[in-house]
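Reader: I'm happier with a pipette than with a ribbon diagram. Could you walk me through how to read one of these?

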Amino acid sequence: FLYLGRLAKGKNVETIIKAAGILAKNHDFVLNIVGDGKERYKLETLAKKLKLDGKVVFLGATQRPWEYYASAGCFLFPSLHESFGMSPLEALASGCFVISSSVGWIGARECAVGVIKCIEPGKGAFEWAHAMLEYLKNPANVLGSSNDHSALLKSAFDFYPYSKDQIYGLQKESFKKAVGWK
């Protein structure tokens with residue numbers, strides 16, 4: 001599993017660490033947390049308290065996120081609110097399955113195509129643990145029978161037919177709304 005982003009309260013990383021704590025006793029996995037921020041010490045303390053050494057690994061900030069996406073099977077995006085949310089899009093483009101809060105551009109349409117498992121914002125660790133367990137039990141059923149997700153991603157983006165320029169426009173409009181620009 002991979003989380004990549006700022007370690008800030010609204011990003012809700014605490015919930016996926018607690019979900020990892022629920023799964024840790026009976027399942028083999030690693031949750032790599034890439035990023036930095038004001039919540040890092042608190043999150044590291046929580047992981048230690050839950051005895052998640054080796055299960056939850058804090059890797060710090062990076063200027064090369066694509067290297068982490070490329071080696072991840074499943075990307076977690078537990079944010080409580082987002083104006084857009086670029087990380088899930090980058091993860092999808094890298095072939096990751098995504099488990100995400102339905103925030104920003106991620107809604108029912110995107111969840112329907114099967115490359116994103118959606119969880120309502122603010123749902124707790126048990127819901128996240130359940131979604132993570134579904135992935136752990138059989139990632140092939142989640143992602144299709146091969147490790148090449150390009151056909152699945154193509155169908156997702158055919159269903160969600162935004163070009164790079166359109167995505168930039170959506171992000172720009174979302175940002176304007178978030179900061180109150182006209």
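**Reading the model, feature by feature**

Author: Let's begin with one side chain: Tyr69 is buried, with a relative accessible area of 2%. Keep in mind that this is a predicted model.

Reader: Where does Tyr69 lie?

Author: Tyr69 belongs to helix H3, residues 65–71. It's also a nice example of a contact that the sequence alone won't show you: Tyr69 and Leu2 are 67 residues apart along the chain, yet 7.6 Å separates their C-alpha atoms.

Reader: OK, on to strands. How do I read the side chains along one?

Author: The general idea is that side chains in a regular strand alternate between the two faces of the sheet. Now try it on strand S3, residues 56–60: Val56, Phe58 and Gly60 point to one face and are buried, while Val57 and Leu59 point to the other and are not.

Reader: And which way does S3 run relative to S2, parallel or antiparallel?

Author: Parallel, with four bridges joining S3 to strand S2, residues 31–34. To find the pairing on screen, look for Asn32, which stands opposite Val57 in S3. Between the two strands the chain passes through helix H2, residues 40–49, and this β-α-β crossover is right-handed.

Reader: What about S1 and S2, how many bridges do they share?

Author: Three, and S1 and S2 also pair in the parallel sense. Here the marker is Tyr3, opposite Ile33 in S2. The chain goes from S1 through H1 to S2, again as a right-handed β-α-β crossover.

Reader: Back to H2. Which of its residues are buried?

Author: Arg40, Leu43, Leu46 and Ala47 are the buried residues of H2. Look down the axis of H2 and these buried residues fall within an arc of 125°, so they line one face of the helix. Tyr41, Lys48 and Lys49 are exposed on the other side of H2.

Reader: Someone told me to check phi angles. What am I looking for?

Author: Most residues other than glycine have a negative phi. So you look for the exceptions. Asn12 has a positive phi of about 65° although it is not a glycine, and Lys51 has a positive phi of about 55°, also without being a glycine.

Reader: Where do Asn12 and Lys51 lie?

Author: Both are in loops: Asn12 sits between S1 and helix H1, residues 13–23, and Lys51 sits between H2 and S3.

Reader: Are they buried or exposed?

Author: Here the cut-offs help: under 20% relative accessible area is buried, and over 50% is exposed. Asn12, at 11%, therefore counts as buried, whereas Lys51, at 71%, counts as exposed. For a glycine with a positive phi, go to Gly95, just after H4, where phi is about 95°.

Reader: Last one: pockets. How do I describe the largest pocket?

Author: Start with space, then the lining. The largest pocket holds about 240 Å³ of space, and 13 residues line it, with Lys11, Glu82, Gly85, Met86 and Ser87 nearest its centre. By type, the lining divides into five nonpolar, five polar and three charged residues.

Reader: Which elements supply at least two residues of that lining?

Author: Strand S1 (2–4) and helix H4 (86–93) each do. While you're at H4, look at its buried residues too: Ser87, Pro88, Leu89, Ala91 and Leu92.

Conventions: Residues are numbered from 1 along each chain as its sequence is written. This is a predicted model: local features need pLDDT of at least 70, side-chain atom pairs count only at pLDDT 80 or more; totals for chains, interfaces and linings use all residues. Side-chain values use heavy atoms; hydrogens and water are left out. On a 1 Å grid over the protein atoms alone, a cavity is a set of points where a 1.4 Å probe fits but cannot get out, and a pocket is an open set with protein on both sides within 12 Å along at least five of seven lines; lining residues have an atom within 4 Å of a point. Grid points are joined across faces, edges and corners, and a volume is the space filled by probe spheres set on the points. Ala, Val, Leu, Ile, Met, Phe, Trp, Tyr, Cys and Pro count as nonpolar, Asp, Glu, Lys and Arg as charged, and the others, Gly among them, as polar. Buried means under 20% relative accessible area, exposed over 50%, partly exposed in between (1.4 Å probe, protein chains only). Two strands pair if DSSP finds at least two bridges between them. A crossover is right-handed if, with the strands pointing away from the viewer, the path from the first strand over the helix to the second runs clockwise. The arc is that of the directions from the helix axis to the C-beta atoms.
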